[in-house]
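Me: Let's go through the labels on this model one by one. I will ask what stands behind each.

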Amino acid sequence: MDVHQNIPLKNYLTMKLGGVTKYMSEVHTPNELAEACRAAKQQGIPFFILGGGSNVIAKDEGFSGLVILNKINGFEVIEDTATHVVLKIGGGENWDSTVAKTVEMNLTGIEAMSGIPGTVGASPVQNIGAYGQEIADTLLSIEAYDSTTDSFVVLQNDQCGFSYRSSIFREADMGRYGIYTVTLKLYKSAPQAPFYDALQRYFEQNSITMFTPKVVRDAVLAIRHDKLPDPKERPNAGSFFKNSIIEDWQLGELREAWPDMPAYDLGDKHYKVPTGWLIEQAGMKGKLINGIRVHDKNCLVLINESASSYADLAAAKEAIIDAVRDLFRITIIQEPLEI
Ligand SMILES: Cc1cc2nc3c(=O)[nH]c(=O)nc-3n(C[C@H](O)[C@H](O)[C@H](O)COP(=O)(O)OP(=O)(O)OC[C@H]3O[C@@H](n4cnc5c(N)ncnc54)[C@H](O)[C@@H]3O)c2cc1C
(Lines give C-alpha, C1' and ligand atoms only; values in the text may rest on other atoms or scores of the structure.)
Protein backbone atom coordinates (compact mmCIF):
# COMPACT_ATOMS: atom_id res chain seq x y z
CA MET A 1 0.00 0.00 0.00
CA ASP A 2 1.50 3.34 -1.07
CA VAL A 3 1.01 6.01 1.57
CA HIS A 4 1.65 9.68 0.79
CA GLN A 5 2.24 12.28 3.47
CA ASN A 6 1.10 15.85 4.09
CA ILE A 7 -1.21 16.19 1.12
CA PRO A 8 -3.28 19.40 0.73
CA LEU A 9 -6.93 18.36 0.97
CA LYS A 10 -8.11 21.31 -1.09
CA ASN A 11 -6.70 19.59 -4.20
CA TYR A 12 -9.21 16.76 -3.63
CA LEU A 13 -12.28 18.78 -2.60
CA THR A 14 -14.52 20.76 -4.94
CA MET A 15 -14.79 23.62 -2.40
CA LYS A 16 -10.97 24.08 -2.70
CA LEU A 17 -10.42 24.92 0.97
CA GLY A 18 -8.86 23.35 4.04
CA GLY A 19 -5.58 22.08 5.45
CA VAL A 20 -3.47 18.99 4.80
CA THR A 21 -4.07 15.34 5.57
CA LYS A 22 -1.21 13.62 7.35
CA TYR A 23 -1.57 10.47 5.23
CA MET A 24 -3.33 9.56 1.98
CA SER A 25 -3.62 6.28 0.11
CA GLU A 26 -5.48 5.07 -3.01
CA VAL A 27 -7.34 1.75 -2.95
CA HIS A 28 -8.28 -0.26 -6.06
CA THR A 29 -9.76 -3.45 -4.56
CA PRO A 30 -11.94 -4.36 -1.55
CA ASN A 31 -8.91 -6.08 0.04
CA GLU A 32 -6.81 -2.91 -0.30
CA LEU A 33 -9.67 -0.94 1.26
CA ALA A 34 -9.81 -3.33 4.22
CA GLU A 35 -6.03 -3.28 4.54
CA ALA A 36 -5.95 0.54 4.63
CA CYS A 37 -8.69 0.73 7.31
CA ARG A 38 -6.92 -1.94 9.39
CA ALA A 39 -3.55 -0.19 9.08
CA ALA A 40 -5.06 3.09 10.34
CA LYS A 41 -6.70 1.30 13.25
CA GLN A 42 -3.44 -0.44 14.16
CA GLN A 43 -1.62 2.90 14.14
CA GLY A 44 -4.37 4.39 16.33
CA ILE A 45 -5.22 7.10 13.78
CA PRO A 46 -8.61 7.92 12.22
CA PHE A 47 -9.38 7.16 8.57
CA PHE A 48 -11.74 8.88 6.16
CA ILE A 49 -12.97 7.42 2.86
CA LEU A 50 -13.04 10.00 0.10
CA GLY A 51 -14.67 9.79 -3.33
CA GLY A 52 -14.86 12.86 -5.56
CA GLY A 53 -14.73 15.29 -2.61
CA SER A 54 -17.87 17.08 -3.82
CA ASN A 55 -19.70 16.83 -0.51
CA VAL A 56 -16.89 17.29 2.01
CA ILE A 57 -15.47 20.38 3.67
CA ALA A 58 -12.01 20.33 5.27
CA LYS A 59 -11.07 22.40 8.27
CA ASP A 60 -7.94 24.58 8.26
CA GLU A 61 -6.18 22.37 10.81
CA GLY A 62 -6.43 19.48 8.34
CA PHE A 63 -6.76 15.80 9.18
CA SER A 64 -4.33 13.92 11.39
CA GLY A 65 -5.24 10.50 10.01
CA LEU A 66 -5.40 8.54 6.74
CA VAL A 67 -7.58 9.65 3.82
CA ILE A 68 -8.47 6.62 1.71
CA LEU A 69 -9.21 7.50 -1.92
CA ASN A 70 -11.71 5.05 -3.35
CA LYS A 71 -10.70 3.95 -6.88
CA ILE A 72 -12.55 0.60 -6.91
CA ASN A 73 -14.02 0.22 -10.40
CA GLY A 74 -16.43 -2.18 -12.09
CA PHE A 75 -19.68 -2.25 -14.04
CA GLU A 76 -21.38 -5.62 -14.30
CA VAL A 77 -24.82 -6.75 -15.49
CA ILE A 78 -25.87 -9.44 -13.03
CA GLU A 79 -29.48 -9.93 -14.14
CA ASP A 80 -31.21 -9.10 -17.42
CA THR A 81 -34.93 -9.88 -17.79
CA ALA A 82 -37.73 -8.70 -20.08
CA THR A 83 -38.59 -5.88 -17.67
CA HIS A 84 -35.45 -4.93 -15.79
CA VAL A 85 -31.67 -5.10 -15.46
CA VAL A 86 -29.68 -5.45 -12.23
CA LEU A 87 -26.24 -3.80 -12.24
CA LYS A 88 -23.39 -4.08 -9.77
CA ILE A 89 -21.16 -1.01 -9.96
CA GLY A 90 -17.78 -0.34 -8.34
CA GLY A 91 -17.83 2.32 -5.63
CA GLY A 92 -14.97 4.28 -7.23
CA GLU A 93 -16.77 4.72 -10.56
CA ASN A 94 -17.77 8.23 -11.51
CA TRP A 95 -21.49 8.70 -10.83
CA ASP A 96 -22.40 10.69 -13.93
CA SER A 97 -20.47 8.41 -16.32
CA THR A 98 -22.43 5.55 -14.76
CA VAL A 99 -25.73 7.34 -15.36
CA ALA A 100 -24.63 8.00 -18.96
CA LYS A 101 -23.93 4.27 -19.46
CA THR A 102 -27.35 3.24 -18.11
CA VAL A 103 -29.03 5.83 -20.32
CA GLU A 104 -27.17 4.44 -23.35
CA MET A 105 -28.58 1.04 -22.35
CA ASN A 106 -32.03 2.75 -22.42
CA LEU A 107 -32.63 1.95 -18.74
CA THR A 108 -34.91 4.02 -16.50
CA GLY A 109 -34.29 4.75 -12.83
CA ILE A 110 -31.37 7.14 -12.33
CA GLU A 111 -31.53 9.36 -15.44
CA ALA A 112 -32.95 12.35 -13.47
CA MET A 113 -29.81 12.21 -11.28
CA SER A 114 -27.63 13.07 -14.28
CA GLY A 115 -24.87 15.58 -13.66
CA ILE A 116 -24.41 14.95 -9.93
CA PRO A 117 -20.66 15.02 -9.28
CA GLY A 118 -18.85 12.35 -7.28
CA THR A 119 -18.57 8.59 -7.07
CA VAL A 120 -21.01 5.68 -7.06
CA GLY A 121 -19.77 4.59 -3.60
CA ALA A 122 -20.79 7.91 -2.06
CA SER A 123 -24.26 7.89 -3.64
CA PRO A 124 -25.97 5.99 -0.76
CA VAL A 125 -24.21 8.07 1.91
CA GLN A 126 -26.49 11.05 1.57
CA ASN A 127 -29.10 9.20 -0.49
CA ILE A 128 -28.38 11.46 -3.46
CA GLY A 129 -31.37 12.80 -5.26
CA ALA A 130 -32.50 15.25 -7.91
CA TYR A 131 -35.56 16.04 -10.00
CA GLY A 132 -37.82 13.51 -8.30
CA GLN A 133 -35.45 10.52 -8.10
CA GLU A 134 -33.23 9.37 -5.26
CA ILE A 135 -30.82 6.46 -5.08
CA ALA A 136 -32.95 4.74 -2.42
CA ASP A 137 -35.62 4.17 -5.14
CA THR A 138 -33.40 1.89 -7.24
CA LEU A 139 -30.71 0.60 -4.87
CA LEU A 140 -31.07 -3.09 -4.00
CA SER A 141 -27.98 -3.51 -1.83
CA ILE A 142 -24.43 -2.42 -1.20
CA GLU A 143 -21.24 -4.34 -0.48
CA ALA A 144 -18.98 -2.79 2.12
CA TYR A 145 -16.03 -3.36 4.37
CA ASP A 146 -17.30 -3.07 7.96
CA SER A 147 -14.44 -1.60 9.96
CA THR A 148 -16.16 -2.35 13.28
CA THR A 149 -16.33 -6.11 12.75
CA ASP A 150 -13.38 -6.27 10.31
CA SER A 151 -15.51 -8.15 7.74
CA PHE A 152 -17.05 -7.77 4.31
CA VAL A 153 -20.82 -7.32 4.48
CA VAL A 154 -23.86 -6.94 2.23
CA LEU A 155 -26.50 -4.46 3.35
CA GLN A 156 -29.94 -4.57 1.74
CA ASN A 157 -31.83 -1.36 0.95
CA ASP A 158 -33.92 -1.53 4.12
CA GLN A 159 -30.76 -1.83 6.25
CA CYS A 160 -29.36 1.47 4.94
CA GLY A 161 -31.78 3.70 6.89
CA PHE A 162 -32.48 5.94 3.92
CA SER A 163 -34.33 9.22 4.40
CA TYR A 164 -34.21 12.65 2.76
CA ARG A 165 -30.44 13.27 2.00
CA SER A 166 -29.45 10.84 4.72
CA SER A 167 -28.71 7.23 5.65
CA ILE A 168 -26.96 5.28 8.39
CA PHE A 169 -23.69 6.04 6.54
CA ARG A 170 -23.82 9.68 7.59
CA GLU A 171 -25.71 9.23 10.87
CA ALA A 172 -25.43 6.37 13.39
CA ASP A 173 -22.80 4.45 11.39
CA MET A 174 -20.81 7.36 9.98
CA GLY A 175 -17.28 6.24 9.08
CA ARG A 176 -18.00 2.57 9.82
CA TYR A 177 -18.49 1.18 6.30
CA GLY A 178 -16.37 1.47 3.16
CA ILE A 179 -18.79 0.94 0.29
CA TYR A 180 -17.13 -0.86 -2.62
CA THR A 181 -20.13 -1.84 -4.77
CA VAL A 182 -23.67 -0.59 -5.26
CA THR A 183 -26.30 -2.85 -6.84
CA LEU A 184 -29.14 -1.12 -8.69
CA LYS A 185 -32.34 -2.37 -10.32
CA LEU A 186 -33.23 -0.34 -13.40
CA TYR A 187 -36.20 -0.73 -15.73
CA LYS A 188 -36.71 -1.20 -19.44
CA SER A 189 -39.99 0.76 -19.43
CA ALA A 190 -39.91 4.43 -20.44
CA PRO A 191 -39.86 7.22 -17.84
CA GLN A 192 -43.42 8.22 -16.94
CA ALA A 193 -45.03 11.68 -16.63
CA PRO A 194 -45.85 13.59 -14.48
CA PHE A 195 -42.27 14.65 -13.79
CA TYR A 196 -40.78 16.83 -11.08
CA ASP A 197 -42.03 20.45 -11.46
CA ALA A 198 -38.90 21.99 -13.03
CA LEU A 199 -38.52 19.05 -15.42
CA GLN A 200 -42.21 19.11 -16.39
CA ARG A 201 -41.94 22.86 -17.11
CA TYR A 202 -38.84 22.28 -19.26
CA PHE A 203 -40.69 19.64 -21.31
CA GLU A 204 -43.71 21.91 -21.78
CA GLN A 205 -41.58 24.91 -22.76
CA ASN A 206 -39.67 22.80 -25.28
CA SER A 207 -42.78 20.93 -26.54
CA ILE A 208 -41.30 17.55 -25.61
CA THR A 209 -43.93 14.81 -25.38
CA MET A 210 -41.96 11.59 -25.96
CA PHE A 211 -39.95 10.49 -22.94
CA THR A 212 -36.90 8.25 -22.96
CA PRO A 213 -34.10 8.06 -20.39
CA LYS A 214 -31.96 10.10 -22.80
CA VAL A 215 -34.62 12.81 -23.18
CA VAL A 216 -34.80 13.12 -19.39
CA ARG A 217 -31.00 13.13 -19.02
CA ASP A 218 -30.58 15.85 -21.66
CA ALA A 219 -33.28 18.00 -20.01
CA VAL A 220 -31.76 17.59 -16.54
CA LEU A 221 -28.28 18.46 -17.82
CA ALA A 222 -29.63 21.58 -19.54
CA ILE A 223 -31.49 22.73 -16.40
CA ARG A 224 -28.49 22.02 -14.16
CA HIS A 225 -26.15 23.85 -16.53
CA ASP A 226 -28.25 27.00 -16.04
CA LYS A 227 -28.62 26.71 -12.25
CA LEU A 228 -25.44 25.12 -10.90
CA PRO A 229 -21.94 26.52 -11.23
CA ASP A 230 -19.33 24.04 -12.50
CA PRO A 231 -17.04 23.32 -9.52
CA LYS A 232 -14.04 23.19 -11.88
CA GLU A 233 -14.58 26.85 -12.76
CA ARG A 234 -16.26 28.16 -9.59
CA PRO A 235 -15.40 25.99 -6.55
CA ASN A 236 -18.49 24.87 -4.63
CA ALA A 237 -19.93 21.83 -2.88
CA GLY A 238 -23.36 21.85 -4.54
CA SER A 239 -26.18 22.59 -2.12
CA PHE A 240 -24.47 23.86 0.99
CA PHE A 241 -27.73 23.62 2.96
CA LYS A 242 -30.40 20.94 3.08
CA ASN A 243 -33.98 21.89 2.39
CA SER A 244 -35.76 22.50 5.68
CA ILE A 245 -38.29 20.16 7.24
CA ILE A 246 -40.83 21.87 9.48
CA GLU A 247 -44.00 20.81 11.28
CA ASP A 248 -47.52 21.75 10.20
CA TRP A 249 -48.09 24.15 13.13
CA GLN A 250 -44.87 26.02 12.21
CA LEU A 251 -45.96 26.31 8.59
CA GLY A 252 -49.36 27.61 9.75
CA GLU A 253 -47.70 30.32 11.86
CA LEU A 254 -45.15 31.29 9.21
CA ARG A 255 -47.76 31.53 6.46
CA GLU A 256 -49.57 34.24 8.45
CA ALA A 257 -46.57 36.48 7.79
CA TRP A 258 -45.43 34.82 4.54
CA PRO A 259 -48.56 33.62 2.69
CA ASP A 260 -46.46 32.68 -0.36
CA MET A 261 -43.99 30.48 1.50
CA PRO A 262 -43.54 27.37 -0.70
CA ALA A 263 -43.90 24.05 1.10
CA TYR A 264 -44.21 20.42 0.00
CA ASP A 265 -46.33 18.06 2.07
CA LEU A 266 -44.24 15.10 3.23
CA GLY A 267 -47.15 13.48 5.06
CA ASP A 268 -47.04 12.81 8.80
CA LYS A 269 -47.63 16.56 9.49
CA HIS A 270 -44.23 17.56 8.11
CA TYR A 271 -43.43 19.93 5.24
CA LYS A 272 -40.31 20.53 3.17
CA VAL A 273 -39.56 24.23 2.68
CA PRO A 274 -36.97 25.22 0.02
CA THR A 275 -34.06 26.62 2.01
CA GLY A 276 -32.95 28.61 -1.07
CA TRP A 277 -36.21 30.58 -0.77
CA LEU A 278 -35.59 31.26 2.93
CA ILE A 279 -32.05 32.50 2.19
CA GLU A 280 -33.32 34.73 -0.61
CA GLN A 281 -36.04 36.27 1.60
CA ALA A 282 -33.36 36.89 4.25
CA GLY A 283 -31.63 39.18 1.73
CA MET A 284 -28.60 36.97 1.17
CA LYS A 285 -29.00 36.23 -2.55
CA GLY A 286 -25.83 37.13 -4.47
CA LYS A 287 -24.08 38.44 -1.31
CA LEU A 288 -20.30 38.11 -1.01
CA ILE A 289 -19.23 37.31 2.55
CA ASN A 290 -15.54 36.70 3.32
CA GLY A 291 -14.87 35.61 -0.27
CA ILE A 292 -17.88 33.26 -0.30
CA ARG A 293 -20.65 34.15 -2.77
CA VAL A 294 -24.27 33.10 -2.27
CA HIS A 295 -25.07 31.98 -5.83
CA ASP A 296 -27.55 34.37 -7.44
CA LYS A 297 -29.27 31.60 -9.44
CA ASN A 298 -29.57 29.16 -6.55
CA CYS A 299 -29.13 30.46 -2.99
CA LEU A 300 -28.40 26.96 -1.66
CA VAL A 301 -25.03 27.04 -3.38
CA LEU A 302 -22.05 28.82 -1.81
CA ILE A 303 -19.22 29.57 -4.24
CA ASN A 304 -15.67 29.99 -3.06
CA GLU A 305 -14.69 33.10 -5.04
CA SER A 306 -11.73 34.28 -2.98
CA ALA A 307 -11.95 32.70 0.48
CA SER A 308 -8.58 31.56 1.72
CA SER A 309 -9.60 29.40 4.64
CA TYR A 310 -12.25 27.23 6.21
CA ALA A 311 -12.66 30.03 8.77
CA ASP A 312 -13.87 32.37 5.98
CA LEU A 313 -16.44 29.78 4.91
CA ALA A 314 -17.56 29.11 8.50
CA ALA A 315 -18.11 32.84 9.11
CA ALA A 316 -20.14 33.19 5.89
CA LYS A 317 -22.17 30.10 6.78
CA GLU A 318 -22.97 31.45 10.26
CA ALA A 319 -24.03 34.82 8.81
CA ILE A 320 -26.49 33.05 6.50
CA ILE A 321 -27.81 30.73 9.21
CA ASP A 322 -28.33 33.71 11.56
CA ALA A 323 -30.11 35.78 8.90
CA VAL A 324 -32.58 32.94 8.21
CA ARG A 325 -33.08 32.17 11.90
CA ASP A 326 -33.75 35.86 12.71
CA LEU A 327 -36.44 36.06 10.06
CA PHE A 328 -38.12 32.65 10.20
CA ARG A 329 -37.01 30.98 13.47
CA ILE A 330 -35.82 28.06 11.32
CA THR A 331 -32.27 26.75 11.80
CA ILE A 332 -31.03 25.68 8.40
CA ILE A 333 -28.69 22.67 8.26
CA GLN A 334 -25.40 22.25 6.41
CA GLU A 335 -25.37 19.41 3.86
CA PRO A 336 -21.65 18.65 3.23
CA LEU A 337 -19.84 16.59 5.84
CA GLU A 338 -16.69 17.87 7.50
CA ILE A 339 -13.41 16.05 7.70
C1 LIG B 1 -22.09 21.22 -8.32
C2 LIG B 1 -22.63 20.15 -7.41
C3 LIG B 1 -23.92 19.68 -7.58
C4 LIG B 1 -24.45 18.70 -6.74
N5 LIG B 1 -25.71 18.26 -6.96
C6 LIG B 1 -26.25 17.33 -6.13
C7 LIG B 1 -27.59 16.87 -6.34
O8 LIG B 1 -28.28 17.29 -7.27
N9 LIG B 1 -28.09 15.94 -5.49
C10 LIG B 1 -27.34 15.44 -4.47
O11 LIG B 1 -27.86 14.59 -3.74
N12 LIG B 1 -26.07 15.84 -4.26
C13 LIG B 1 -25.51 16.77 -5.06
N14 LIG B 1 -24.23 17.20 -4.83
C15 LIG B 1 -23.46 16.65 -3.72
C16 LIG B 1 -22.49 15.50 -4.10
O17 LIG B 1 -22.23 15.51 -5.47
C18 LIG B 1 -23.05 14.14 -3.69
O19 LIG B 1 -23.27 14.10 -2.30
C20 LIG B 1 -22.11 12.99 -4.08
O21 LIG B 1 -22.71 11.75 -3.80
C22 LIG B 1 -20.77 13.06 -3.35
O23 LIG B 1 -19.91 12.11 -3.95
P24 LIG B 1 -18.37 12.16 -3.73
O25 LIG B 1 -17.78 10.94 -4.33
O26 LIG B 1 -17.81 13.45 -4.17
O27 LIG B 1 -18.32 12.03 -2.13
P28 LIG B 1 -17.29 12.72 -1.16
O29 LIG B 1 -17.58 14.19 -1.14
O30 LIG B 1 -15.93 12.30 -1.46
O31 LIG B 1 -17.76 12.08 0.24
C32 LIG B 1 -19.02 12.41 0.80
C33 LIG B 1 -19.24 11.56 2.06
O34 LIG B 1 -19.39 10.20 1.68
C35 LIG B 1 -18.41 9.39 2.31
N36 LIG B 1 -17.97 8.40 1.32
C37 LIG B 1 -17.53 8.64 0.08
N38 LIG B 1 -17.28 7.48 -0.57
C39 LIG B 1 -17.58 6.50 0.32
C40 LIG B 1 -17.52 5.08 0.26
N41 LIG B 1 -17.12 4.43 -0.85
N42 LIG B 1 -17.89 4.37 1.34
C43 LIG B 1 -18.32 5.00 2.46
N44 LIG B 1 -18.40 6.34 2.59
C45 LIG B 1 -18.02 7.07 1.52
C46 LIG B 1 -17.27 10.33 2.69
O47 LIG B 1 -16.54 9.81 3.78
C48 LIG B 1 -18.05 11.58 3.03
O49 LIG B 1 -18.55 11.48 4.34
C50 LIG B 1 -23.66 18.18 -5.68
C51 LIG B 1 -22.34 18.65 -5.51
C52 LIG B 1 -21.83 19.62 -6.36
C53 LIG B 1 -20.42 20.10 -6.16
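Me: Which strands each supply at least two residues of the shell around the ligand?
Reply: β3 (47–50), β8 (129–130), β12 (177–187) and β13 (236–239) do. Strands here are DSSP runs of E, at least two residues, and helices are runs of H or I, at least four, numbered from the N terminus. This is a predicted model: local features need pLDDT of at least 70, side-chain atom pairs count only at pLDDT 80 or more, and totals for chains, interfaces and linings use all residues. Residues are numbered from 1 along each chain as its sequence is written, and side-chain values use heavy atoms, leaving out hydrogens and water.

Me: How many residues surround the ligand, and which are the closest?
Reply: 33 surround the ligand; the closest are Ile 49, Gly 52, Ser 54, Asn 55 and Thr 119. To be near, a residue needs a heavy atom within 4 Å of the molecule.

Me: What makes the pair of Ser 54 and the ligand a polar contact?
Reply: The term takes a pair of N or O atoms within 3.5 Å; within protein, one must be able to donate a hydrogen and the other to accept it, and residues adjacent in sequence count only if both atoms are side-chain atoms. A ligand oxygen is 2.6 Å from an N or O atom in the Ser 54 side chain, so the pair qualifies. For Gln 126, a side-chain N or O atom is 2.8 Å from a ligand oxygen.

Me: Why does Cys 37 form no disulfide?
Reply: A disulfide is a pair of cysteine sulfur atoms within 2.5 Å. The closest cysteine sulfur, in Cys 160, is 18 Å from that of Cys 37, so it is too far for a bond. The count of disulfides is zero.

Me: Why is Cys 37 called buried?
Reply: Buried means under 20% relative accessible area, exposed over 50%, partly exposed in between (1.4 Å probe, protein chains only). Cys 37 has 1%, so it counts as buried.

Me: What makes Asp 150 and Arg 38 a salt bridge?
Reply: The rule asks for a side-chain nitrogen of Lys or Arg within 4 Å of a carboxyl oxygen of Asp or Glu. Their closest N and O atoms are 2.8 Å apart, so the pair passes. Asp 150 sits in the loop between β10 (139–146) and β11 (151–156), and Arg 38 in helix α1 (residues 30–43), 112 residues apart.

Me: Is Asp 150 buried, exposed or partly exposed, and why?
Reply: Asp 150 has 40% relative accessibility, so it is partly exposed.
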